[in-house]
Amino acid sequence: MQNAVRQVPAAPSELAIQHFESMFSFETDCFDTHAAMESGDPGFVLLDARSPELFARGHVPGAINIPHGKIIESRMRTYAPATLFVTYCAGPHCNGAARAATRLARLGYPVKLMAGGITGWLDEGFALARDGGSN
């Protein structure tokens with residue numbers, strides 16, 4: 001019996017490998033981000049693209065807050081051109097991380113998106129930091 005899943009055949013394995021492996025150039029996940037941040041030298045700047053109010057209510061420890069609309073050349077000059085950024089926002093229902101990643105890429109910075117955002121971070125069981133302490 002034909003259903004929506006089977007209506008379009010799956011890609012050949014070689015195409016699937018290329019597609020799925022290429023995703024790692026564009027995104028990382030919460031678990032790997034957490035492990036890198038815990039190492040003390042993650043090799044990237046973690047950027048929360050949400051509003052300052054949401055950031056203050058809870059954010060990934062070690063993240064900086066620059067709302068995606070505030071990512072402009074003059075503000076980003078303090079970072080070396082080769083600085084890798086990892087962006088996140090509220091979660092899969094939010095496109096702020098993608099907007100931030102786009103702005104950073106337009107400025108020439110290497111960038112990845114942390115898939116899942118705050119929602120994914122909490123789903124993994126990780127704590128949030130808050131202004132004045134951690135969750």
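Here are some worked exercises on the structure above.

This is a predicted model, in which local features need pLDDT of at least 70, side-chain atom pairs count only at pLDDT 80 or more, and totals for chains, interfaces and linings use all residues. Residues are numbered from 1 along each chain as its sequence is written, and side-chain values use heavy atoms, with hydrogens and water left out.

**Exercise 1: the sheet**

Work out the order of the strands in the open sheet, and find which strands stand at the edges.

Solution. Begin with the vocabulary: helices (H or I, at least four residues) and strands (E, at least two) are DSSP runs, numbered from the N terminus. Two strands pair if DSSP finds at least two bridges between them.

- Step 1. The five strands of the open sheet follow the order β1-β5-β4-β2-β3, and their pairing is parallel.
- Step 2. β1 (27-29) and β3 (64-65) are the edge strands; each has a single partner strand, so one side of each is left without a neighbour in the sheet.
- Step 3. Helix α6 (residues 96-106) packs on this sheet and touches β2, β4 and β5 (111-115). The direction of α6 makes about 150 degrees with that of β4; axes here are lines fitted to C-alpha atoms, for helices over the stretch in contact, and angles run from 0 to 180 degrees between N-to-C directions.

**Exercise 2: the bridges of β4**

Follow β4 (residues 85-88) and name residues that stand opposite its own.

Solution. Take the two neighbours of β4 in turn.

- Step 1. On the β2 side (residues 45-48), four bridges hold a parallel pair together. L47 stands opposite T87, and D48 has Y88 as its bridge partner.
- Step 2. On the β5 side, three bridges join the parallel strands. F85 faces V111, and V86 stands opposite K112.
- Step 3. Now look at the side chains: F85 and T87 point one way from β4, V86 and Y88 the other way, and all are buried. Buried means under 20% relative accessible area, exposed over 50%, and partly exposed in between (1.4 Å probe, protein chains only).

**Exercise 3: helix α3**

Which residues of helix α3 (residues 30-38) are buried, and what do they pack against?

Solution. Start with the residues, then go to the ends of the helix.

- Step 1. The buried residues are C30, T33, A36 and M37. Viewed down the axis of α3, they fall within an arc of 130 degrees, so they line one face of the helix. The arc is that of the directions from the helix axis to the C-beta atoms.
- Step 2. These residues pack against β1, β2, β4, β5 and α7 (117-123).
- Step 3. At the N-terminal end, D29 acts as a cap, with a side-chain oxygen 3.4 Å from the backbone nitrogen of F31. This is a polar contact (a pair of N or O atoms within 3.5 Å; within protein, one must be able to donate a hydrogen and the other to accept it, and residues adjacent in sequence count only if both atoms are side-chain atoms).
- Step 4. After α3 comes G40, whose phi is positive, near 90 degrees.

**Exercise 4: the nonpolar cores**

Which elements each supply at least two residues of the largest nonpolar core?

Solution. A nonpolar core is a set of buried Ala, Val, Leu, Ile, Met, Phe, Trp, Tyr and Cys residues joined through side-chain atoms within 4.5 Å.

- Step 1. The largest core has 15 residues, and F44, L46, V60, A63, Y88, M114 and W121 have the most contacts inside it.
- Step 2. The elements asked for are α3, β4 and α7. Of these, α3 gives the most, with three residues.
- Step 3. F44 touches T33, A36, M37, L84 and V86, not counting residues up to four places away in sequence; contact means heavy atoms within 4.5 Å.

**Exercise 5: two loop residues**

Compare H59 and P81: is each buried or exposed?

Solution. Take them one at a time.

- Step 1. H59 lies in the loop between α4 (52-57) and β3 and is buried, with a relative accessible area of 7%. The H59 side chain reaches the backbone oxygen of F55 at 2.8 Å.
- Step 2. P81 sits in the loop between α5 (73-76) and β4 and counts as exposed, at 65% relative accessibility. Leaving out residues up to four places away in sequence, P81 touches G108, Y109 and P110.
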